[in-house]
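This report describes selected computed features of one protein model. It covers the nonpolar core, aromatic pairs, one helix, a strand residue, backbone angles and confidence.

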Amino acid sequence: MQSQDIKPTEPKDDQVVENVELNIWEALIPVFALIGMLAYNVYTYGSDALSGSNQFVLLLGGAVAAIVGFFNKVSFEQMLEEVAVNIKSTASAILILLMVGALAGTWLISGIIPTMIYYGLQVLNPTIFLAACVIICAIISVATGSSWTTSATVGIALIGIADALHVPLGMTAGAVLSGAYFGDKISPMSDTTNLAPAMAGTDLFTHIRYMLYTTTPTIIITLIVFIIIGLNLDTTGKADTHLILAAVNDALNVSPWLFVVPVIVIGLIIMKTSPLIALLIGTLLGGIAALIFQPEIVTAIGGGTHLDFQTAYKGIMNAITVETSIPTDNEALKGLFTAGGMSKMMGTIWLILCAMTFGGIMDAIGALATISKALLKMFHTVFGLFASTVISCLALNVTASDQYLAIVIPGKMYAKAFKDKGLAPENLSRTLEDSGTVTSVLVPWNTCGAYQSGVLGVDTLHYAGYAIFNWLSPFMTLLFAAFRIKIRQLASPEKA
């Protein structure tokens, strides 16, 4: 996720709530209820399910969990307290979502995003485009430690280029996220890369070196698959490129100087500036660039006849807060030349709040700890221990709706079990990242899935199958465990 900013004050200090009154079947009741309700809701609403009905279903799932809690001596006040803690932990994420919406608005009217698309169309073609998306986003995310910043900057531009090239947006979003989460997973500046070894009891750089064993073949396979897809991609985008380039030139002033703003933002992140501050600066610089390079567009959006202070203020503020668009006669560009501002992110924020409510109640009643313990008891072999960890991380990404909990809870639950099996802690930290960090983006109501879907404008279910790096990673860690590849032992193993 983000480096430094989007997390509770100290995730490693979060308490895992246990409830001896609650058995595994009771703990699973809210899970089965939620899955059943979501399945029917998606069947009924299709792609519109995230417009509001899924949010209410998450609240209904929380209500079922609350009823189970009442029968197991958990007070309503305890549940509300845990919900409050959960929602508080997403405060930075919500603010960053709003800032991403604001940034997209000023970067549109300033010509930054259209300029990225303009030059990108001249360099990239459908054959190499998807593989290039993976590589570009991997480089940016390694440098920044942030999949969220990567998708909010170059990710948005790559989606725009894909639309112009007629490359399916689901494929493109999958390639963007594959590269973005590669860097999120191995960058020393990523918070999850620091959190996983803290939970397992190893040091950061041992953890990163050990992750490379599973991460390297996974990203190579991902690139090969996207190269094959690109070679077989049937699009008409290349033939239409010259028309789109001409339309972009007609609509606004294109200048390579506009790249200065995204370079500054990425530079700020690399220098460990808070992503929230970096995005705010990027939004303001985008507004200034709009006044310098696109004064006619600012005047039109501000509803004036000439550019004075009030018109400039209204034009920039409208781009930041509500849906705005750059006028164009080219049908292919109308979607690319529209941004929703902060208002576009409200549905995603709504989803996060409802998901955190369900996850908070599940944690308060002790269901998350009960499920993890039950999984731990089911497996007795070394491979079974790895499989149990992977399943726990996946289950928590679905039920707790939070990437951090999918690392913290299994990390605390399984640390002793790995030690008892004589396994070095970097085995656990690697597995937490291979299954907890990267799969969070595949769940529509997880904070990561909701964020990336909102930022890229592509439904989670549309990109999930193409986020090859993300869903392949847990299989790779299980493959290494099954064949005992790079499974490091403790120097003096403590037998159970």
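A nonpolar core is a set of buried Ala, Val, Leu, Ile, Met, Phe, Trp, Tyr and Cys residues joined through side-chain atoms within 4.5 Å. Buried means under 20% relative accessible area, exposed over 50% and partly exposed in between, with a 1.4 Å probe and protein chains only. The model is predicted, so local features need pLDDT of at least 70 and side-chain atom pairs count only at pLDDT 80 or more, whereas totals for chains, interfaces and linings use all residues. Residues are numbered from 1 along each chain as its sequence is written, and side-chain values use heavy atoms, with hydrogens and water left out.

**Nonpolar core**

The largest nonpolar core has 158 residues, of which Phe129, Tyr181 and Phe337 touch the most other members. H4 contributes the largest share of this core, 13 residues; helices (H or I, at least four residues) and strands (E, at least two) are DSSP runs numbered from the N terminus. Contact means heavy atoms within 4.5 Å. Not counting residues up to four places away in sequence, tyrosine 181 touches eleven residues' worth of neighbours listed here in part, among them Trp148, Gln403, Val441, Cys448 and Phe469.**Aromatic pairs**

Rings of Phe, Tyr and Trp (its six-membered ring) pair if their centres lie within 6.5 Å; planes under 30 degrees apart count as stacked, over 60 as edge-to-face and the rest as tilted. A search of the whole structure finds seven such pairs. Two of them are set out below.

| Pair | Centre distance | Plane angle | Class |
|---|---|---|---|
| Tryptophan 148 and tyrosine 451 | 3.7 Å | 15° | stacked |
| Phenylalanine 182 and phenylalanine 469 | 6.0 Å | 75° | edge-to-face |

The stacked pair links distant parts of the chain, with tryptophan 148 in helix H7 (residues 147–165) and tyrosine 451 in helix H22 (residues 447–456), 303 residues apart. Both tryptophan 148 and tyrosine 451 are buried. In the edge-to-face pair, phenylalanine 182 belongs to helix H8 (residues 169–186) and phenylalanine 469 to helix H24 (residues 468–482), 287 residues apart; phenylalanine 182 and phenylalanine 469 are both buried. Elsewhere, ring pairs join Tyr118, Tyr119 and Phe259 into a cluster.

**Helix H3**

The expected span of a helix is 1.5 Å times one less than its number of residues. For the 14 residues of helix H3 (residues 76–89) this gives 20 Å, and the end C-alpha atoms are 20 Å apart, which agrees. Met79, Glu82, Val83, Asn86 and Ser89 are the buried residues of H3. Seen down the axis, these buried residues fall within an arc of 120°, so they line one face of H3; the arc is that of the directions from the helix axis to the C-beta atoms. Glu77, Glu81 and Lys88 are exposed on the other side of H3. The buried residues of H3 pack against helix H2 (53–70), helix H4 (91–109), helix H17 (346–364) and helix H20 (403–420).

**Threonine 324**

Threonine 324 lies in strand S1 (residues 324–325) and counts as buried because its relative accessibility is 6%. Its contacts beyond four places in sequence include Leu108, Ile109, Ile301 and Phe337.

**Positive phi angles**

Most residues other than glycine have a negative phi. Histidine 166 has a positive phi of about 65° although it is not a glycine; histidine 166 sits in the loop between H7 and H8 and, at 35% relative accessibility, is partly exposed. Lysine 486 also has a positive phi, near 50°. Lysine 486 is placed in the segment after H24 and is partly exposed at 44% relative accessibility.

**Confidence**

pLDDT is the predictor's confidence in each residue, from 0 to 100. The protein chain has a mean pLDDT of 86, with 93% of its residues at 70 or more. Among its elements, helix H16 (residues 331–334) has the lowest mean pLDDT (71) and H24 the highest (96). Over residues 2–9 pLDDT stays under 50, and the model has 39 contacts beyond four places in sequence for these residues.
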